Amino acid sequence: MTQRIVIVGAGTGGSVLANRLADRLAPEIDAGDVEVTLVTESEMHVYKPIWLYVAFGQRDPEDGVRPVADLVDRRVSLRFSRVEAIDVAEKRLSLNGGDTLGYDYLVVATGARIVPDEVPGLAETGHDFYSEEGALALRDALADFTGGHLVLSVVGTPHMCPAAPLEFVFMADDWFRERGLRDGIDITYTYPIQRVHGKPTIAEWAAPRMEERDIGIETFFNVESVDPESKVLKSMEGEELAYDLLVTIPPHDGVPMIREAGLGDDGWVEVDKTTLDATHAPDVFALGDAAAVPAPKAGSAAHYQASVVADRLTSLVRGRTPTATYDGKVVCFLEAGMDEATFVSFDYANEPRLRPESRPVHWAKLAYNESYWLTARGLLKGVRRHE
């Protein structure tokens, strides 16, 4: 009987996993013993880190988009459909239009979504850089902003790319200085806990650099509401902060069907942090932003997790005991301005180590942005769907 592996979501984690499985299970797939199906609502794959650069006019939206079919190995079956529900008891997915899809092994890679409506007033006034629409609107707002108070407020955690809020204020500082506008612009950064980042070592690196650049810091500032008319942020701690231009990291959530399927009450799939097996259902895995693990919602985490899940699924379909584990490894670049960056790496056992910021590291990040599409393909040598 054919063993059916279904992956829901074609972001970084889902795409890398599909390609890794196609490579490792090629004999079984070619023999008809295994089917790998990737289900995704959109036919386009989006590289979300590009949106930050779009906001500053450094990249165009099309630089961050490719057809999913161009990225995924031809051995993988593609289904462009929205998954409406997961029945973990029957091992079946309900798709829009009334179709169903059964599975023997399921991988949830549905990512994260922003939910600004959870904070009163936020959707009406706050800019963000988590979508093409948001990045373009922010680009226009920044281009028109010549003086006043710019506030970057981290409203929700956890969120995609934990370094992004710091990157934004460092880049904005440089960007306005290059235009001779910085003296007339105040920049303030708010964060919900009593330091500027969740990771202490990153906070210790960032805080003095923010002070040197005259970037105001408001920590332990949990946004409760926004008044669009008076342009004031109100915090749960009873503080108020006026702004002229507001950029936010909005609250994030998983997809509703995760809760409805009983896979996680907080919107993220509850998993074993090392095996990535779902806690509340057999033969279900989760990775990337959808997984509730003590690792950042970052593309590199999804990439490493995809390799682990690929190894574990390969063992399972071959009747072996899985041994591959995820150690929490994350590596990422962090822009320290418009032309310098640092590099961070850590895992479950080791705190982040930051390299000195430099132009070569910034160039390395730009080079990675260009080569990302090889990452999404899983760096496979096999024939692609359209080759």
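Strands β15 and β16 form a hairpin with four residues between them, and G238 in the turn has a positive phi of about 90 degrees. The model is predicted, so local features need pLDDT of at least 70 and side-chain atom pairs count only at pLDDT 80 or more, while totals for chains, interfaces and linings use all residues. Residues are numbered from 1 along each chain as its sequence is written, and side-chain values use heavy atoms, with hydrogens and water left out. Helices (H or I, at least four residues) and strands (E, at least two) are DSSP runs numbered from the N terminus.

**Strands β14 to β16**

- Strand β15 pairs with strand β16 (residues 240-242) in the antiparallel sense over three bridges, where pairing requires that DSSP finds at least two bridges between two strands.
- Within this pairing, K234 stands opposite E240 in β16.
- Strand β14 (residues 223-227) and strand β15 (residues 232-235) also pair in the antiparallel sense, over four bridges, and D227 stands opposite V232 in β15.
- The hairpin of β14 and β15 has four residues between the strands, and K231 there takes a positive phi near 55 degrees.

**Helix α8**

- Because the expected rise is 1.5 Å a residue, the 13 residues of helix α8 (residues 200-212) should span 18 Å, which agrees with the 19 Å between its end C-alpha atoms; the expected span is 1.5 Å times one less than the number of residues.
- The buried residues of α8 (buried means under 20% relative accessible area, with a 1.4 Å probe and protein chains only) are I202, A203, W205, A206, A207 and M210.
- Among the elements covering these buried residues are α7 (164-178), β12 (185-191) and β22 (330-335).
- After α8 comes D214, whose phi is positive, near 60 degrees.

Conventions:
Buried < 20%, exposed > 50% of the residue type's maximum accessible area, 1.4 Å probe, protein only. Contact = heavy atoms within 4.5 Å.
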